[in-house]
Amino acid sequence: MKYLISSAIILACLAVAKYLTALFESSFPAPLLGMVLLLVLLLTGIVKEHHLKPTASPLLNYMPLFFIPAGVGIIEHLGLIAEHWPLLLTIFIVVPLTSVVLIGSAIAYFKGRENDS
């Protein structure tokens, strides 16, 4: 029964997310929205961790299996990646570094303003 309840909670979050993305014709991924909904339920205390543990623990144990489709997708597009590797490398390095620098500068600026007042 505990597996059924925990599975139902997870699947209900996914179903609500799919309904919301269809209702608002959003391009936001429904599984990601479902995880956000589940996070909100956990943070608000509506759903407790022990409610999800029976189903979530086995899923987390076999989490690496979920990365196989992504790995296969990368291997299928190796030619495309080899063709555009400088752009991809720039995106993977420059964009995160720029984000870290900008966010760090913004936080330092606002923390400095708090200390001045």
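**Exercise 1. The side-chain pair S6 and T55**

A polar contact of 2.4 Å links the side chains of S6 and T55 in this predicted model. Determine which helices hold S6 and T55, and state whether S6 and T55 are buried or exposed.

*Solution.*

Step 1. Place the residues. S6 belongs to helix α1, and T55 belongs to helix α3.

Step 2. Apply the cut-off for burial, which is under 20% relative accessible area. S6 has a relative accessible area of 0%, so S6 is buried. T55 has a relative accessibility of 14% and therefore also counts as buried.

Step 3. Add the polar partners. The backbone oxygen of Y3 lies 3.2 Å from a polar atom of the S6 side chain. The side chain of T55 reaches the backbone oxygen of Y3 at 3.3 Å.

Step 4. List the neighbours, leaving aside residues up to four places away in sequence. On that basis S6 touches H51, L52, P54 and T55. With the corresponding exclusion, T55 is in contact with Y3, S6, S7 and I10.

Step 5. Consider the separation along the chain. S6 and P54 are 48 residues apart in sequence, yet their C-alpha atoms are separated by 6.5 Å.

**Exercise 2. The packing of α1 and α3**

Classify the arrangement of helix α1 and helix α3 from the angle at which their axes cross, and state which residues make the contact.

*Solution.*

Step 1. Choose the descriptors. Packed helices are characterised by the angle between their axes and by the distance between those axes.

Step 2. Read the geometry. The axes of α1 (residues 2-23) and α3 (residues 49-61) come within 8 Å and cross at roughly 95 degrees.

Step 3. Classify the angle. The range 65 to 115 degrees counts as roughly perpendicular, and α1 is therefore roughly perpendicular to α3.

Step 4. Identify the residues. From α1 the contact involves K2, Y3, S6, S7, I9 and I10, and from α3 it involves H51, L52, P54 and T55.

Step 5. Sort them by class. The contact comprises five nonpolar, four polar and one charged residues.

**Exercise 3. The packing of α1 and α2**

Carry out the corresponding analysis for α1 and helix α2, and give the handedness of the crossing.

*Solution.*

Step 1. Read the geometry. Helix α2 spans residues 30-44, and α1 and α2 pack at an angle of about 125 degrees with their axes 8 Å apart.

Step 2. Classify the angle. Since the value falls outside the roughly perpendicular range of 65 to 115 degrees and is not over 145, α1 is oblique to α2.

Step 3. State the handedness. The crossing of α1 and α2 is right-handed.

Step 4. Identify the residues. On the α1 side are I9, I10, C13, L14, V16, A17, K18, L20 and T21, which meet A30, P31, L33, G34, L37, L38 and L41 of α2.

Step 5. Sort them by class. The contact of α1 with α2 has 13 nonpolar, two polar and one charged residues.

**Exercise 4. E25 in the loop**

State where E25 is found, what is notable about its phi angle, and whether E25 is buried or exposed.

*Solution.*

Step 1. Locate the residue. E25 lies in the loop between α1 and α2.

Step 2. Examine the backbone. E25 has a positive phi of about 50 degrees although E25 is not a glycine.

Step 3. Assess accessibility. The relative accessible area of E25 is 71%, and E25 is therefore exposed.

**Exercise 5. L80 and E83 in helix α5**

Assign L80 and E83 to an accessibility class, and describe the polar contact made by E83.

*Solution.*

Step 1. Locate the residues. L80 is in helix α5 (residues 78-83), and E83 is also placed in α5.

Step 2. Apply the cut-offs: exposed means over 50%, and partly exposed lies between that value and 20%. L80, at 48%, is therefore partly exposed. E83, at 57%, is exposed.

Step 3. Describe the contact. The side chain of E83 makes a polar contact of 3.5 Å with the side chain of H84.

Step 4. Relate L80 to α3. L80 and L52 are 28 residues apart along the chain, and their C-alpha atoms are separated by 40 Å; L52 is one of the α3 residues in the contact with α1.

Key
Residues are numbered from 1 along each chain as its sequence is written. This is a predicted model: local features need pLDDT of at least 70, side-chain atom pairs count only at pLDDT 80 or more; totals for chains, interfaces and linings use all residues. Side-chain values use heavy atoms; hydrogens and water are left out. Axes are lines fitted to C-alpha atoms, for helices over the stretch in contact, and angles run from 0 to 180 degrees between N-to-C directions. Helices (H or I, at least four residues) and strands (E, at least two) are DSSP runs, numbered from the N terminus. Angles under 35 degrees count as roughly parallel, over 145 as roughly antiparallel, 65 to 115 as roughly perpendicular and the rest as oblique. Contact means heavy atoms within 4.5 Å. Ala, Val, Leu, Ile, Met, Phe, Trp, Tyr, Cys and Pro count as nonpolar, Asp, Glu, Lys and Arg as charged, and the others, Gly among them, as polar. Buried means under 20% relative accessible area, exposed over 50%, partly exposed in between (1.4 Å probe, protein chains only). A polar contact is a pair of N or O atoms within 3.5 Å; within protein, one must be able to donate a hydrogen and the other to accept it, and residues adjacent in sequence count only if both atoms are side-chain atoms. A crossing is left-handed if the near helix is turned anticlockwise from the far one by less than a right angle, and right-handed if clockwise.
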